[in-house]
Amino acid sequence: MKGLGFLEETLLLLVMTMEEGAYGFAISEAYRKHTGRSITISAVHAALSRLEKKGFLRSHLGAATPERGGRRKRIFEATAAGEAAITAIRLSREALWAKLPRS
């Protein structure tokens with residue numbers, strides 16, 4: 001399996017939790033809300049691009065909107081490989097947590 005860093009894992013999870021409208025700015029706002037840390041839009045786009053190249057995300061252009069001056073948003077969604085990667089990460093972490101000694 002292709003590896004995921006913390007940022008990629010978090011962004012992939014955020015995309016998976018967003019019903020619709022998982023585009024750069026919305027994802028960066030969700031990241032800030034979830035982690036309490038700000039992130040530049042260029043860092044978000046770079047990570048989303050890496051996730052797409054790894055096959056964990058796919059994207060398409062949404063409709064043009066007046067508030068964006070007629071520009072279209074790139075909408076992201078998880079692929080089956082992305083969902084499988086997140087499941088594998090979760091299972092691995094749960095196994096490690098289960099090994100912690102009980103107090």
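1. The expected span of a helix is 1.5 Å times one less than its number of residues. Helix 2 has twelve residues and should therefore span 16 Å, and its end C-alpha atoms are indeed 16 Å apart, in agreement with that expectation. Helix 1, residues 6–17, passes the same test: its twelve residues should span 16 Å, and its end C-alpha atoms lie 16 Å apart. The model under review is a predicted one.

2. On the overall architecture, the protein chain contains four helices and two strands. Along the sequence, these elements follow the pattern α-α-α-β-β-α. Taken along the principal axes, the C-alpha atoms fill a box of roughly 55 × 30 × 20 Å.

3. Two figures describe the chain as a whole. Of its 103 residues, 32% count as buried. Among contacts between residues at least 6 apart in sequence, 50% join residues at least 24 apart.

4. Helix 1 merits attention for its buried residues, which are Glu 8, Glu 9, Thr 10, Leu 11, Leu 12, Leu 14 and Val 15. These residues pack against helix 2 (24–35), helix 3 (41–53), strand 1 (57–64), strand 2 (72–78) and helix 4 (80–98).

5. Two glutamates of helix 1 may be examined individually. Glu 8 lies in helix 1 and counts as buried because its relative accessibility is 6%, where the cut-off for buried is under 20%. Leaving aside neighbours within four places in sequence, Glu 8 is in contact with Gly 3, Arg 50, Leu 51 and Lys 54.

6. Glu 9 is likewise placed in helix 1, and its relative accessibility of 9% is the reason that Glu 9 counts as buried. Which residue does the side chain of Glu 9 meet in a polar contact? The partner is the side chain of Arg 93, at 2.6 Å. Not counting residues up to four places away in sequence, Glu 9 touches Leu 4, Ile 86, Ile 89 and Arg 93.

7. The buried residues of helix 2 are Gly 24, Ala 26, Ile 27, Ser 28, Ala 30 and Tyr 31. Helix 1, helix 3 and strand 2 are included in what covers them. Just after helix 2, Gly 36 takes a positive phi of about 80°.

8. The largest nonpolar core comprises 20 residues, of which Leu 11, Leu 12, Val 15, Ile 27, Leu 48 and Leu 57 touch the most other members. At least two residues of this core come from each of helix 1, helix 2, helix 3, strand 2 and helix 4. For Leu 57, the contacts beyond its neighbours within four places in sequence are Leu 12, Val 15, Leu 48, Leu 51, Glu 52, Phe 76, Glu 77, Ala 78 and Thr 79.

9. The loop between helix 1 and helix 2 holds Gly 21. This glycine, Gly 21, is partly exposed because its relative accessible area is 24%, a value that falls between the limits of 20% for buried and 50% for exposed. Gly 21 and Phe 76 are 55 residues apart in sequence, yet their C-alpha atoms are 7.8 Å apart in space. Apart from residues up to four places away in sequence, Gly 21 touches Ala 26 and Ile 75.

10. Arg 37 is found in the loop between helix 2 and helix 3. With a relative accessible area of 42%, Arg 37 is partly exposed. How far apart in space are Arg 37 and His 60, C-alpha to C-alpha? The distance is 27 Å, for a separation of 23 residues in sequence. Once neighbours within four places in sequence are left aside, Arg 37 is in contact with Phe 6, Tyr 31 and Arg 32.

11. Aromatic rings were also considered. Where rings of Phe, Tyr and Trp pair if their centres lie within 6.5 Å, the count of aromatic pairs comes to zero. One ring does lie beneath a charge: the charged end of Lys 73 sits over the ring of Tyr 23, 4.0 Å from its centre.

Notes. Residues numbered from 1 in each chain as written. Predicted model: local features only at pLDDT ≥ 70, side-chain atom pairs only at ≥ 80, totals over all residues. Heavy atoms only, no water. Buried < 20%, exposed > 50% of the residue type's maximum accessible area, 1.4 Å probe, protein only. Contact = heavy atoms within 4.5 Å. Phe/Tyr/Trp six-rings, centres within 6.5 Å; stacked < 30°, edge-to-face > 60°. Lys NZ or Arg CZ within 6 Å of the ring centre and 35° of its normal. Core = buried A, V, L, I, M, F, W, Y, C linked by side-chain atoms within 4.5 Å. Polar contact = N/O pair within 3.5 Å; in protein donor to acceptor, adjacent residues only side chain to side chain.
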